[in-house]
Structures are given as C-alpha cells and as structure tokens.
Amino acid sequence: MVQSELLSSFKHEKNKRFSLLQIWNDDDQDEFLKLILTDYLNYWTGKYSLEEIKKFSNLNDFDINGIKQQFIDAFATDFQNFSLKVEGLETKKLEIKKVLDSEIKVKVISIELKIASDSSLLAEEIFDFSIRKIKNLQKRNELLENAIQELREQKNEAVESLRECVNEKEAMEFDLYSKFVQILNEKKSKIRELAKSDE
C-alpha cells in the first residue's frame, strides 16, 4: 500500500497552536485521506474517500494528485502562498485556499472534522507517527555519521598519501641535486685541469 504521512504544527485562531496528521492512502479509494487535528486538549478526526475529496475540492478538472500536493504543500511550507481557515467547536471546518494574488484566492479544499469522544487512540496514532519518524531520522543520522566517518578516513588516507608523495619528491630532489652538484664539481675540476694543461 502506498501511504504518505505528514505531521504539521501551526498557529491559528489568535495564535492557538494546532497539529495536523495527514495520512494519504493512494491505494484505498474508501479511506483515501485520514486527518487528525489537535489543539493539544481536543482531537478532531475525519476519514475521506476519493469521491468525498473530489466533492470537497473546488476544481472543475479534478486532479487528485494536484489536490494532494497542494494540501501537503500548504502545511509543509507553513502556508506560504496559501490561506487557512479553521473554525468551529464540535465540528472543525478546515479550509485551504491557494493565494494567486493579494486579492485572488482559489479554494483548494474544505473539509469538516468531527470531535473525538475518545482521544486516546488519536493521541496514540500521533505519538506512533512521531516515534516512527524519530527512529527513521535516527537511522538516517547514523547512516550520515557513518558516511562522514568513512569520508574522514578517506581524507586522512589521502593526506597521508600526499605527505608520502611530498617526502619522496623532496628526497628525489635532494638526490638529484646532490648528483648534479657532484657532476658539476667534477666538470669544474676537469675544466681547471684542461685549462692548466693548455698553459
């Protein structure tokens, strides 16, 4: 099953903090999207089929991938180029609009979430998602740390190899210079002898 999840935290309604867990099930037409919204005291939830998402959106040419991407982008980018409206008590209405211009807004989707009578399962679902995400990030961090360590070792080997090359070059230069000086001195001596024999 192709499933994507996103947990977002945002401020709304006089800077009141909310978190929203989105669970997209691309292979499940009946429960295509599940949302859990919390203000950390109350929980609201909703499960929506593909047909319901189509009904809730305002697009004539229905493109589920476009709706899904805009919905995800709105929360992932902290509503940059989007506007959000969250209203209601027992039932929360969540409305997202794409801001095209300062005065032009196009509704992406408007969804209603019902307050949960037992929030423990929803809280557990958010915590489970958070724990999975932390574990995945820890694994990724370990892989990156291993890669960094490997690169460090390769750099140290390269520096050591370079040092050896520099030492060999200096030894070769010294050897060649010594031989050159020896040959030069022999030639000078030979020239002196020839100069004396010509006198």
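In the predicted model, strands S6 and S7 form a hairpin in which 5 residues lie between the two strands. Their pairing is antiparallel and extends over 9 bridges; within it, Lys97 has Lys107 of S7 as its bridge partner. Strand S6, spanning residues 91-99, also pairs with strand S5, residues 82-87, in the antiparallel sense, here over 6 bridges. In this second pairing, Val86 is bridged to Leu94 of S6. The hairpin of S5 and S6 has 3 residues between its strands, and Gly88 adopts a positive phi near 110 degrees there.

Strand S7 comprises residues 105-115 and includes Val106. Together with Leu100 and Ile104, Val106 forms a nonpolar surface patch with a combined accessible area of about 250 Å². Val106 is classed as partly exposed because its relative accessibility is 31%, a value between the 20% limit for buried residues and the 50% limit for exposed ones.

In the interior, the largest nonpolar core contains 29 residues, with Phe71 and Phe75 making the most contacts inside it. At least two residues of this core come from each of strands S2 (16-25), S3 (33-38) and S4 (43-48), helices H1 (50-56) and H2 (64-76), and strands S5, S6 and S7. Helix H2 makes the greatest contribution to this core, with 6 residues. When residues up to four places away in sequence are not counted, Phe75 touches Leu6, Ser8, Phe10, Leu20, Gln22, Leu84, Leu94 and Ile96. Leu94 thus appears both as a contact of Phe75 and as the bridge partner of Val86. Another core, of 8 residues, lies apart from the largest one and includes Leu21, Ile23, Ile126 and Phe129.

Note on methods: Residues are numbered from 1 along each chain as its sequence is written. This is a predicted model: local features need pLDDT of at least 70, side-chain atom pairs count only at pLDDT 80 or more; totals for chains, interfaces and linings use all residues. Side-chain values use heavy atoms; hydrogens and water are left out. Patches are made of residues with over 30% relative accessible area and no salt bridge: like charges are joined within 9 Å, nonpolar side chains (Val, Leu, Ile, Met, Phe, Trp, Tyr) within 5 Å. Accessible areas come from the Shrake-Rupley method with a 1.4 Å probe; for residues, only the protein chains shown count as cover. A salt bridge is a side-chain nitrogen of Lys or Arg within 4 Å of a carboxyl oxygen of Asp or Glu. Helices (H or I, at least four residues) and strands (E, at least two) are DSSP runs, numbered from the N terminus. Buried means under 20% relative accessible area, exposed over 50%, partly exposed in between (1.4 Å probe, protein chains only). Two strands pair if DSSP finds at least two bridges between them. A nonpolar core is a set of buried Ala, Val, Leu, Ile, Met, Phe, Trp, Tyr and Cys residues joined through side-chain atoms within 4.5 Å. Contact means heavy atoms within 4.5 Å.
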